[in-house]
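Got your viewer open? Let's take a walk through this protein, one selection at a time.

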Amino acid sequence: MKNYKYEYLICNTADCDIFEKQCAALERQIPGLIKGSISLDPLDHSAYQTYLLYGQEIQVVNSYYLDHVVIQSDVDIEPYFA
């Protein structure tokens, strides 16, 4: 599993709607963001949406195993939401 420089807790419960809204917010707020593939865990149905921003990876995770929605990123995304 990759270690990311930044992690942002979005919701302390896994939630498909919040996951989708967070993905849409990233796509709307961050210019130059390239949407990659979405992966689903076959065991617990957790979702992982990957993006690239100038060669740096951003991943939105809806984890049923850890019961949260988080953004894991190699880039500080806070300036895009200030």
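## Stop one: a salt bridge

Select Glu27 and Lys35 and show their side chains: the two meet in a salt bridge, at 3.5 Å from N to O. Colour Glu27 by accessibility and you'll find that this residue is partly exposed, with a relative accessible area of 37%. Keep in mind as you look that this is a predicted model.

How many salt bridges does the structure hold? Two. For the other one, select Lys2 and Asp74, whose side chains come together at 2.8 Å, N to O. This pair links distant parts of the chain: Lys2 sits in the segment before β1 (6-11), while Asp74 sits in the segment after β5 (68-73), 72 residues apart. Lys2 counts as partly exposed, because its relative accessibility is 41% and the band for that label runs between 20% and 50%.

## Stop two: the whole fold

Now zoom out and switch to cartoon. You should be able to pick out one helix and five strands. Trace them from the N terminus and the order reads β-α-β-β-β-β.

Show the C-alpha trace next: along its principal axes it spans about 35 × 25 × 20 Å. With 82 residues, a compact globule would have a radius of gyration near 12 Å, and the protein agrees with that, at 12 Å. Of those 82 residues, 39% count as buried. If you turn on the surface, you're looking at about 5200 Å² of accessible area, of which 53% belongs to carbon and sulfur atoms.

Here's one about how the chain folds back on itself. Among contacts with a separation of 6 or more, what share comes from residues 24 or more positions apart? The share is 50%.

## Stop three: along the helix

Select helix α1, residues 16-29, and find Cys23 in it. Is Cys23 buried or exposed? It is buried, with a relative accessible area of 7%. Leave aside its neighbours within four places in sequence, and Cys23 is in contact with Gln49, Tyr51 and Val60. You can also draw a distance from Cys23 to Gln59: their C-alpha atoms are 9.2 Å apart, although 36 residues separate them along the chain.

Step back one residue to Gln22, also in α1. Gln22 is buried too, with a relative accessible area of 13%. Setting aside residues up to four places away in sequence, Gln22 touches Ile10, Val60, Ile71 and Phe81.

While you're here, add Cys16 to the selection. Why do Cys16 and Cys23 not form a disulfide? The sulfur of Cys23 is 11 Å from the closest cysteine sulfur, the one in Cys16, so the gap is too far for a bond. A search of the whole structure finds zero disulfides. Cys16 itself counts as partly exposed, at 40% relative accessibility.

## Stop four: the nonpolar core

In soluble globular proteins, nonpolar side chains tend to be buried together. To see a case here, select Leu26, Leu33, Tyr51, Ile58, Val60, Ile71 and Ile77: these have the most contacts inside the largest nonpolar core, which has 14 residues. Helix α1 and strands β3 (47-53) and β4 (56-63) each supply at least two residues of this core.

Finish on Tyr51. Not counting residues up to four places away in sequence, its contacts include Cys23, Leu26, Leu33, Ile58 and Val60. Both partners from your first salt bridge, Glu27 and Lys35, are also touched by Tyr51.

Terms used. Residues numbered from 1 in each chain as written. Predicted model: local features only at pLDDT ≥ 70, side-chain atom pairs only at ≥ 80, totals over all residues. Heavy atoms only, no water. Salt bridge = Lys/Arg side-chain N within 4 Å of Asp/Glu carboxyl O. Helix = DSSP H or I, 4+ residues; strand = E, 2+ residues; numbered from the N terminus. Buried < 20%, exposed > 50% of the residue type's maximum accessible area, 1.4 Å probe, protein only. Contact = heavy atoms within 4.5 Å. Core = buried A, V, L, I, M, F, W, Y, C linked by side-chain atoms within 4.5 Å. Disulfide = S-S within 2.5 Å. Rg over C-alpha atoms; globule rule 2.2 N^0.38 Å. Areas by Shrake-Rupley, 256 points an atom, 1.4 Å probe, with all protein chains shown as cover.
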